[in-house]
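Work through the exercises below with the model open. Each task is followed by its solution.

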Amino acid sequence: MRSFRNTSSELCSNFSICFNPNIAFISYIALSIIYILFFSMPVNIFMVFFISVCHDLKQLFDEYKTCMISQTHPDYHWLIKRYNFLRNVVIEIDSQINCLVFWAALANMFCLYFTITGIMGSEDISIWELIVLYSALIFGAFMFVLMCLWADRLSSSAASVAHAAQALDGNLDSPVMHIRYILTVNKKVRMTVWSLFPLTKSSVLASIGTVITYSVLIKGILNE
C-alpha cells in the first residue's frame, strides 16, 4: 500500500512538472525559435531572393526593349538570338527554383491559414497575442503579394517587348525574318510554381481567397 502511494505521488509530481507553466513557457519559446530559424526565416529569405531575381530579369527585358526600339534598321538575327537567350535564362532559372517556389508559397499559405484560424478563435487571447497574429498575417500576405507581383511584372515586361515589336518597320529585304521575330517575341515568359501554375496577380486573390474560404469552412465544421 505504501509503495502504491509512493508511486502515485511520484506520478503526480512528474505530471505537475510536465505541466509546469514555466516549463511550458520555455518550451513555447524554444519551439518559436526553431520555427523562426528553420522555417519562417528560410522561406522569407528565399522570397526576397526570388523577388531580386525577378527584378533583375525584368531589367534585362526592359534594356532589350530599349535597344530594340532604338535600332533604325532592326537586326532581326541578333534580336531573335538575344530574345531567345533571355527567354532560355528565365526557363532555366524557373526549372531550378520552381520547386522552392512551390515550397515557399505552400509554407506561406499554411502560415496564413493558421494565423487566420488563430484570429477567428481569439476570444480568450490577450491583445499582445492578437497583435502578433495580425502582424504575422500582414507580413505573410505582403511577402506573398510581392512575390507574385514581381513575377507578374517580369511577364509583363516580356509581353511589352512583343507589343513594341508590332510597331517595328518590316525589313523589305527579309520579311520572313520580321514575321519570325514577331512569332518569337510572342512566346510566353513566366515564372511558375513547380511548372504547374504561373505566378500572376490573379494568383494572389485566388490563393488568399482559397485560404480564407477553407479557414471559415473548417472552423465551421469543427464548431458543429
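Buried means under 20% relative accessible area, exposed means over 50%, and partly exposed lies in between. The model is predicted.

**Exercise 1.** Decide how Glu129 counts by relative accessibility.

Solution. Start with the place of Glu129: helix 4. Next, take its relative accessibility, 40%. The value falls between the two cut-offs, so Glu129 counts as partly exposed. Then relate Glu129 to Gly118. They are eleven residues apart in sequence, and their C-alpha atoms are 9.6 Å apart in space.

**Exercise 2.** Determine how helix 3 and helix 4 are oriented to each other.

Solution. Two packed helices are described by the angle between their axes and the distance between the axes. Here helix 3 spans residues 76–120 and helix 4 residues 127–165. Their packing angle is about 160 degrees, and the axes lie 10 Å apart. Angles over 145 degrees count as roughly antiparallel. Helix 3 and helix 4 are therefore roughly antiparallel. Helix 3 passes helix 4 in a left-handed crossing.

**Exercise 3.** Which residues of helix 3 meet helix 4, and of which classes is the contact made?

Solution. On the helix 3 side, the residues include Tyr83, Val90, Asn108, Leu112 and Gly118. On the helix 4 side, they include Tyr134, Gly140, Phe144, Met147 and Val161. By class, the contact has 18 nonpolar, four polar and no charged residues.

**Exercise 4.** Compare the UniProt record with the model over residues 127–150.

Solution. The unreviewed UniProt entry lists residues 25–51, 100–121 and 127–150 under "transmembrane region". Over residues 127–150, the chain is 100% helix and 0% strand. The end C-alpha atoms of that stretch are 34 Å apart.

Conventions. Residues are numbered from 1 along each chain as its sequence is written. This is a predicted model: local features need pLDDT of at least 70, side-chain atom pairs count only at pLDDT 80 or more; totals for chains, interfaces and linings use all residues. Side-chain values use heavy atoms; hydrogens and water are left out. UniProt positions are given in the numbering used here, feature names are shortened, and annotations may be inferred rather than shown by experiment. Helices (H or I, at least four residues) and strands (E, at least two) are DSSP runs, numbered from the N terminus. Axes are lines fitted to C-alpha atoms, for helices over the stretch in contact, and angles run from 0 to 180 degrees between N-to-C directions. Angles under 35 degrees count as roughly parallel, over 145 as roughly antiparallel, 65 to 115 as roughly perpendicular and the rest as oblique. A crossing is left-handed if the near helix is turned anticlockwise from the far one by less than a right angle, and right-handed if clockwise. Contact means heavy atoms within 4.5 Å. Ala, Val, Leu, Ile, Met, Phe, Trp, Tyr, Cys and Pro count as nonpolar, Asp, Glu, Lys and Arg as charged, and the others, Gly among them, as polar. Buried means under 20% relative accessible area, exposed over 50%, partly exposed in between (1.4 Å probe, protein chains only).
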